[in-house]
Amino acid sequence: MVDGVVHAMNMTCIHDLKPNRVVATIEGIVVRSYPLSMKFAKNRWIAFREIVLEDDSGWVTVNVWGSSAIDVIRGQTIRLKNAYCFTRNERLCLTLSIHSSLKIGTQA
């Protein structure tokens with residue numbers, strides 16, 4: 001029972017995000033999913049999709065790379081681990097790196 005309480009305490013909400021930091025865990029619903037595209041990075045083409053993640057405290061744009069970009073769609077609950085938070089055009093954004101993970105939950 002203690003593990004469940006400790007795990008819930010480590011969850012970050014969108015309202016608490018700060019730029020230039022790694023977010024241990026954040027969960028929300030995909031409310032918008034932009035078209036899939038390809039970007040050239042690290043000498044190869046990688047699938048890329050921008051999504052909007054929402055929780056009870058607000059919303060944030062998330063850059064999703066690789067196979068996760070293909071799998072994620074609107075209405076899903078997702079959990080991000082070790083996503084990097086940064087600012088772009090004076091707005092907070094999250095991006096997944098090679099050390100990040102995205103877990104897809106259920107569809108609404």
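## Strands and the overall layout

A strand here is a DSSP run of E with at least two residues, and strands are numbered from the N terminus. One example is strand β3, which covers residues 44–55 and includes W45. Keep in mind that you're looking at a predicted model.

Zooming out, the chain has two helices and seven strands. Walk along from the N terminus and you meet the elements in the order α-β-β-β-β-α-β-β-β.

## Inside and outside

How much of the chain is buried? Of its 108 residues, 34% are buried. The chain exposes about 7100 Å², and carbon and sulfur atoms account for 53% of that area.

Now for the contacts. Take those between residues at least 6 apart in sequence: 53% of them join residues at least 24 apart.

## A nonpolar patch

Have a look at M38, F40 and W45 on the surface. Together they make a nonpolar patch with about 380 Å² of accessible area.

Is W45 buried or exposed? Its relative accessible area is 56%, and exposed means over 50%, so W45 counts as exposed. This residue also gives you a handy way to find the patch from the strands, since W45 sits in strand β3.

## Two salt bridges

The structure holds two salt bridges. Let's take them one by one.

In one of them, R79 pairs up with E27, and their closest N and O atoms are 2.5 Å apart. R79 belongs to strand β5 (residues 76–88) and E27 to strand β1 (residues 21–33), so this pair ties together parts that are 52 residues apart in sequence. What about their exposure? R79 has a relative accessibility of 22% and E27 has a relative accessible area of 31%. Partly exposed covers the range between buried (under 20%) and exposed (over 50%), so R79 and E27 are both partly exposed.

The other salt bridge links E50 and R88, with 2.8 Å between the closest N and O atoms. Which parts of the chain does it tie together? E50 is in strand β3 and R88 is in strand β5, so the parts it joins are 38 residues apart in sequence. E50 is partly exposed, at 21% relative accessible area, and R88 is partly exposed too, at 32%.

## Putting it together

Try tracing strand β3 once more: it holds W45 from the nonpolar patch as well as E50 from a salt bridge. Then move to strand β5, where you'll find R79 and R88.

Technical notes: Residues numbered from 1 in each chain as written. Predicted model: local features only at pLDDT ≥ 70, side-chain atom pairs only at ≥ 80, totals over all residues. Heavy atoms only, no water. Patch = residues over 30% accessible without salt bridge, like charges linked within 9 Å, V, L, I, M, F, W, Y side chains within 5 Å. Areas by Shrake-Rupley, 256 points an atom, 1.4 Å probe, with all protein chains shown as cover. Salt bridge = Lys/Arg side-chain N within 4 Å of Asp/Glu carboxyl O. Helix = DSSP H or I, 4+ residues; strand = E, 2+ residues; numbered from the N terminus. Buried < 20%, exposed > 50% of the residue type's maximum accessible area, 1.4 Å probe, protein only. Contact = heavy atoms within 4.5 Å.
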